[in-house]
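Dear colleague,

I am handing over the structure below, together with an account of what was found in it. Please keep it open while you read.

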Amino acid sequence: SDIKCIINFGSLSMNTKDQFSDIDIMIFCSNPELLLTQDKWISDISPFKISYTSKSMIESMPTKKVVFSNYVELDIVPLNYREITKALYFAKISKTPIYKLIPKATTTEIENNIRAFNNYTSKGLNYFVDKNNYSKKIKFISETFPLINEDINISMVKENYNCFFHLLIQEAIKIERRELYASKECAEYFSKCCLREMLEWYMKLKKGNNYNTFCNGKKLEYW
């Protein structure tokens, strides 16, 4: 697969890694499906114990997850390099009068997809491979459509508060029905996710919308 660019993002690029941190990379190439479905190229790097494809937690991007024999973990997000070319053209057009002629629904969808990509790129990048100056292209795209942090307000917190206690009622109903596994699953996933989000939003209301609460409760005991 013709590789144009390899980017490292996540804890390694932000210098927040520890001994258990995985390595997160994004690969721009001509055939992402090949990297997702085949394992030979992984074994060419190093022997591995686990390899599978899943949906990333961020915007459902397909991700190749690998655990090598030394238990180093590697998360790979392969993307078609032509998507960067399209995004670059779109970013340039957005600065011209032509942009206003494009239907709003179309521009909104494309901008949302680009900002989803910015979830990966907004907190630091290391370029391992950079053919054709992709770093400059990505920088231009990210600056044209910067990541927008949703302003948290008290009304959102109240909605989440009501959702959380409704989930508790649903758990109680499942227990009364002797649906114990279903109740446990609801408590362990849906309710805890809702509770974590309430804590995140509370801290952002208290310390500002840009306060870093990391991802999925990571480092919650510190913030």
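In this predicted model, the charged end of Lys-4 is placed over the ring of Tyr-81, at 5.0 Å from the ring centre. A second lysine is arranged over a tyrosine as well: Lys-137 lies over the face of Tyr-134, 4.5 Å from the centre of that ring.

Tyr-134 also takes part in contacts between rings. Together with Phe-28 and Phe-117, Tyr-134 belongs to a cluster that is linked by ring pairs.

The aromatic pairs of the model number seven. One of them joins Phe-90 and Tyr-99, whose ring centres are 5.6 Å apart and whose planes meet at 65 degrees, an edge-to-face arrangement. Phe-90 and Tyr-99 are both buried. Phe-90 forms a pair with Phe-145 too, and this one is stacked, with 5.5 Å from centre to centre and 25 degrees between the planes. What does the pair of Phe-90 and Phe-145 tie together? Phe-90 belongs to helix H4 (residues 81–93), while Phe-145 is in the loop between helix H6 (134–144) and helix H7 (154–176), so the pair connects parts that lie 55 residues apart in sequence. Phe-145 is buried, as is Phe-90.

Helix H6 deserves a closer look. Its buried residues are Tyr-134, Ile-138, Ile-141, Ser-142 and Thr-144. Viewed down the axis of H6, these buried residues fall within an arc of 165 degrees, so they line one face of the helix. A general point is helpful here: an α-helix has 3.6 residues a turn, so residues three or four places apart point the same way. The face of H6 turned away from the buried side carries Lys-136, Lys-139 and Glu-143, which are exposed.

I turn next to the second largest pocket, which holds about 470 Å³ of space. Its lining is made by 17 residues, and those closest to the pocket centre are Met-61, Glu-83, Asn-113, Ile-114 and Phe-117. Strand E5 (73–80), H4 and helix H5 (104–121) are the elements that each give two or more residues to this lining. Sorted by class, the lining has twelve nonpolar, two polar and three charged residues.

Two residues should be noted for their backbone angles. As background, most residues other than glycine have a negative phi. Asn-132, which is not a glycine, has a positive phi near 60 degrees. This residue is found in the loop between strand E6 (126–130) and H6. Is Asn-132 buried or exposed? Asn-132 counts as exposed, because its relative accessibility is 52% and the cut-off for that class is over 50%. Arg-178 is likewise not a glycine and has a positive phi, of about 65 degrees. Its place is the loop between H7 and helix H8 (180–207). With a relative accessibility of 62%, Arg-178 also counts as exposed.

Finally, here is the protein as a whole. Its secondary structure consists of eight helices and six strands, which follow the pattern β-α-β-α-α-β-β-β-α-α-β-α-α-α along the sequence. The C-alpha atoms fill a box of roughly 60 × 50 × 35 Å along the principal axes. Of the 223 residues in the protein, 35% are buried.

With kind regards

Methods. Residues are numbered from 1 along each chain as its sequence is written. This is a predicted model: local features need pLDDT of at least 70, side-chain atom pairs count only at pLDDT 80 or more; totals for chains, interfaces and linings use all residues. Side-chain values use heavy atoms; hydrogens and water are left out. Rings of Phe, Tyr and Trp (its six-membered ring) pair if their centres lie within 6.5 Å; planes under 30 degrees apart count as stacked, over 60 as edge-to-face and the rest as tilted. Buried means under 20% relative accessible area, exposed over 50%, partly exposed in between (1.4 Å probe, protein chains only). Helices (H or I, at least four residues) and strands (E, at least two) are DSSP runs, numbered from the N terminus. A charge sits over a ring if NZ of Lys or CZ of Arg is within 6 Å of the ring centre and within 35 degrees of the ring normal. On a 1 Å grid over the protein atoms alone, a cavity is a set of points where a 1.4 Å probe fits but cannot get out, and a pocket is an open set with protein on both sides within 12 Å along at least five of seven lines; lining residues have an atom within 4 Å of a point. Grid points are joined across faces, edges and corners, and a volume is the space filled by probe spheres set on the points. Ala, Val, Leu, Ile, Met, Phe, Trp, Tyr, Cys and Pro count as nonpolar, Asp, Glu, Lys and Arg as charged, and the others, Gly among them, as polar. The arc is that of the directions from the helix axis to the C-beta atoms.
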